[in-house]
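Trainee: I would like a close look at a single part of this model, the strands and the turns that link them. Could you take me through that part slowly, in one connected account?

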Amino acid sequence: ALRNSDVLTAVSHVASNVARFPMVILDDNKNEVKNIKAVDYLLNKHPNDMLSAYHWRFIMTVNAIITGDGFTRFVRDPKDKSPLQLEYYPTSQTYIDYSDIKDIKYEFTQINSKGSNRTIVCPASDVIHFMFFTYDGIHGRSPLLSLGDEIGLQDDGIKTLRRFFRSGLKGGILKAKGKLSKEARRKTREEFEFA
């Protein structure tokens with residue numbers, strides 16, 4: 001979808017708008033903002049050593065738009081379980097186990113440089129899951145899926161134009177008044193092609 005310039009522009013615009021604003025944590029029971037300093041710092045200042053908060057929010061938003069889901073897990077301190085950093089995972093490395101709907105688990109596959117895999121299983125409370133549309137509250141749905149036909153039509157139209165301009169003028173009828181000799185027809189055709 002990002003090969004389409006209109007889609008790329010729209011996704012970039014939405015993601016940059018989401019990324020530039022800070023995030024807050026809401027207490028669902030009291031309907032007010034929770035102040036958890038460690039989490040606020042990770043969400044809005046420094047999620048990990050590789051990304052700024054802006055870029056982390058941008059990546060999560062782009063993935064939520066394109067694939068329907070954006071996934072990040074909290075990496076916690078082994079001693080006191082406080083959040084240390086946010087670790088982003090592509091959708092292709094994430095599986096949602098919802099066999100027990102009251103105990104949803106996320107499975108993240110880490111792939112190291114040697115090609116071996118390690119699976120990390122996390123409870124939903126340790127995961128940030130971005131989704132803009134959902135049909136079940138568990139899986140996200142990409143809003144771009146509804147553009148499939150329009151993108152296909154636009155691509156077909158561009159391919160048709162490319163073929164037309166690449167092939168040039170294939171034929172046509174040039175009319176002249178009266179009867180022309182063979183030499184006059186050749187000269188008229190050459191002048192028309194030159195023009």
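Mentor: Let us begin with strand S5 and strand S6 (residues 105-111), which run antiparallel and are joined by four bridges. This is a predicted model, and everything that follows should be read with that in mind. Within this pairing, Asp97 of S5 has Lys105 of S6 standing opposite. Strand S5 covers residues 94-97 and shows two faces, with Thr94 and Ile96 on the covered one and Tyr95 and Asp97 on the uncovered one. That division fits a general pattern, because in a regular strand the side chains alternate between the two faces of the sheet.

Strand S3 (70-76) makes a useful next stop, since S3 is mostly covered, with six of its seven residues buried. Here buried means a relative accessible area under 20%. Two partners of S3 can be described in turn. Strand S8, residues 127-130, pairs with S3 in the antiparallel sense over four bridges, and in that pairing Arg73 faces Val127 of S8. Strand S4 (83-89) also runs antiparallel to S3, this time joined by six bridges, and there Phe74 stands opposite Leu86 in S4.

The link from S3 to S4 deserves a careful look of its own. The hairpin of these two strands has six residues between them, and in it Lys81 takes a positive phi near 65°. Lys81 is not a glycine, and its place is in the loop between strand S3 and strand S4. The sign of the angle is worth a second glance, because most residues other than glycine have a negative phi. As for its surroundings, Lys81 is exposed, with a relative accessible area of 53%, and it is classed that way because the cut-off for exposed is over 50%.

A second case of this kind is found in the loop between strand S1 (25-27) and strand S2 (32-34), where Asn31 has its place. Asn31 has a positive phi of about 55° although it is not a glycine. Asn31 is likewise exposed, at a relative accessible area of 65%.

To finish, one can turn from the strands to a helix. Helix H4, residues 148-167, holds Arg166, and Arg166 counts as exposed at 66% relative accessibility. Arg166 also belongs to a positive surface patch, which is formed together with Lys159, Arg162 and Arg163.

Definitions and conventions
Residues numbered from 1 in each chain as written. Predicted model: local features only at pLDDT ≥ 70, side-chain atom pairs only at ≥ 80, totals over all residues. Heavy atoms only, no water. Buried < 20%, exposed > 50% of the residue type's maximum accessible area, 1.4 Å probe, protein only. Patch = residues over 30% accessible without salt bridge, like charges linked within 9 Å, V, L, I, M, F, W, Y side chains within 5 Å. Areas by Shrake-Rupley, 256 points an atom, 1.4 Å probe, with all protein chains shown as cover. Salt bridge = Lys/Arg side-chain N within 4 Å of Asp/Glu carboxyl O. Lys, Arg positive; Asp, Glu negative; His and termini not counted. Charge placed at Lys NZ, Arg CZ, Asp CG, Glu CD. Pairing = 2+ DSSP bridges.
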